[in-house]
Amino acid sequence: MTDAAATQPSNAAFTPRVFSGIQPSGDLHLGNYLGALKRFADAQNQGIETVYCMVDQHAITVWQDPAELRRSTRELAAGFIASGIDPAKSILFNQSQVAEHAQLAWVFNCVARMGWMQRMTQWKDKAGKNQQNASLGLFAYPSLMAADILLYHATHVPVGEDQKQHLELTRDIATKFNNDFGVDFFPITEPVITGTATRVMSLRDGAKKMSKSDPSDASRINMTDDADTIAKKIRKAKSDADALPSEAKGLEERAEARNLVNIYAAMADMSVDAVLAEVGGKQFSEFKPMLAELAVEKLAPISAEMARLMQHEDEIDAILRAGADRARAIAAPILQKTYDIVGMIR
Ligand code: AMP
Ligand code: TRP
């Protein structure tokens, strides 16, 4: 991360701060864990200031059942904590509890241009053919995301590959704001898209991303799956009939094999080459049980802790309230300064 920051001299004035968010809109899976939560915990443990947010206001850009939204928000908080996000070290909170997000997003709605939003591939995918019937919030979504990040003057944002375009838009908004008002107020945030698991693929189809919206439950490992289910899904995962190669190059044309090796590497905190140095030459009949054992060892304690926390909603709610207070302490002065810059009277 220090390397990335060094390439952005205009950010030198900003203290390194990591921000990221996840939507509470369904079940967490291995892609969320390896692509997001585990990396969030790693950043926290490097001693950088880390701010993590449950973005419920992003979730409601498409319909959410109210009771289900409440449950998903708490389950996501439980997922963060069980994955090693320590509410004493990181700021962990729920977006709607810090009103400044929506307030800054309004200012950014007036900075961002329609054309920028229209180019977003996630907007095109989610709105589909019927754009006229999509919510205005879904269209403006990247502007709220920029507000999430810039409200904390975050310098680094760990995300999966799919969020790269939204991060570029965040940089565009920061740049235009700074230029329009002749200030150097918002940092030009760096996306952090690193590691072997920025794109965990479906266990049934190596060309498709592991996703909560895949109708087949066998396509993903849910963070709430128990040990037996995890092992069974890995046993049944699509692979091929060849032995594993001893170098990453040998996985190029083998999407399913590559995915399983990537998952192993990310969970074991090893490079793909280091994994292949150990397992090269083995058949999947031998590798899959190794992968299943590792997955159970890493994930079963997480799902157990999530289940325990979900029995104690008060504990979760208290953590989120305390996190929101800490978040607001950073966000409120930055919003106030933004209002001053824009010319709003205090
Ligand atoms: P989502 O589940 O799409 O709301 O994403 C929440 C976070 O998990 C984001 O940072 C995504 O980039 C990340 N993520 C989601 N699916 C995957 C996947 N299959 N592989 C890696 N990261 C993912
Ligand atoms: N758009 C992100 C997603 O769908 C979630 C998100 C909202 C986010 N605000 C953010 C991610 C700020 C990083 C930083 O996954």
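**Close-up 1. The largest cavity holds about 50 Å³ of space in this predicted model.** A cavity here is a set of points, on a 1 Å grid over the protein atoms alone, where a 1.4 Å probe fits but cannot get out, and lining residues have an atom within 4 Å of a point. Grid points are joined across faces, edges and corners, and the volume is the space filled by probe spheres set on the points. Its walls are made by Met-120, Gln-122, Trp-123, Lys-126, Leu-138, Phe-139, Tyr-141, Pro-142 and His-166. Helices α7 (121–127) and α8 (136–150) each chip in with at least two of these residues, and α8 gives the most, with four. (Helices are DSSP runs of H or I with at least four residues, strands are runs of E with at least two, and both are numbered from the N terminus.) Sorted by class, the lining has six nonpolar residues, two polar and one charged. For that sorting, Ala, Val, Leu, Ile, Met, Phe, Trp, Tyr, Cys and Pro are nonpolar, Asp, Glu, Lys and Arg are charged, and the others, Gly among them, are polar.

**Close-up 2. The second largest cavity offers about 30 Å³.** How many cavities of 30 Å³ or more are there? The count comes to two. Around this one sit Ser-202, Leu-203, Gly-206, Lys-238, Ala-255, Glu-256, Asn-259 and Leu-260. That makes a lining of three nonpolar, three polar and two charged residues.

**Close-up 3. The largest pocket takes up about 1,000 Å³.** A pocket, unlike a cavity, is an open set of points with protein on both sides within 12 Å along at least five of seven lines. Of its 41 lining residues, Gln-23, Gln-122, Asp-162, Gln-163 and Lys-209 are the closest to the centre. Elements that each supply at least two lining residues include β1 (17–22), α3 (56–59) and β4 (156–158). The largest share, five residues, comes from α2. By class, the lining of the largest pocket splits into 16 nonpolar, 17 polar and eight charged residues.

**Close-up 4. The second largest pocket has a volume of about 460 Å³.** Among its 19 lining residues, Asn-109, Leu-136, Gly-137, Ala-140 and Tyr-141 lie nearest the centre. Helices α5 (100–109), α6 (114–118) and α8 each provide at least two residues of the lining, with the largest share, seven, coming from α8. Here the tally is 12 nonpolar, six polar and one charged.

**Close-up 5. Helices α13 (residues 284–310) and α14 (residues 313–342) pack at an angle of about 95°, their axes 6 Å apart.** The axes are lines fitted to C-alpha atoms over the stretch in contact, and angles run from 0 to 180 degrees between N-to-C directions. The two helices are therefore roughly perpendicular, a label for angles of 65 to 115 degrees. Where they meet, Arg-308, Leu-309 and Met-310 of α13 touch Glu-313, Glu-315 and Ile-316 of α14, with contact meaning heavy atoms within 4.5 Å. That contact has three nonpolar, no polar and three charged residues.

**Notes.** Residues are numbered from 1 along each chain as its sequence is written, and chains are lettered from A and ligands numbered from 1 in the order in which they are written. Because the model is predicted, local features need pLDDT of at least 70 and side-chain atom pairs count only at pLDDT 80 or more, while totals for chains, interfaces and linings use all residues, and side-chain values use heavy atoms, leaving out hydrogens and water.

How values were computed:
Angles under 35 degrees count as roughly parallel, over 145 as roughly antiparallel, 65 to 115 as roughly perpendicular and the rest as oblique.
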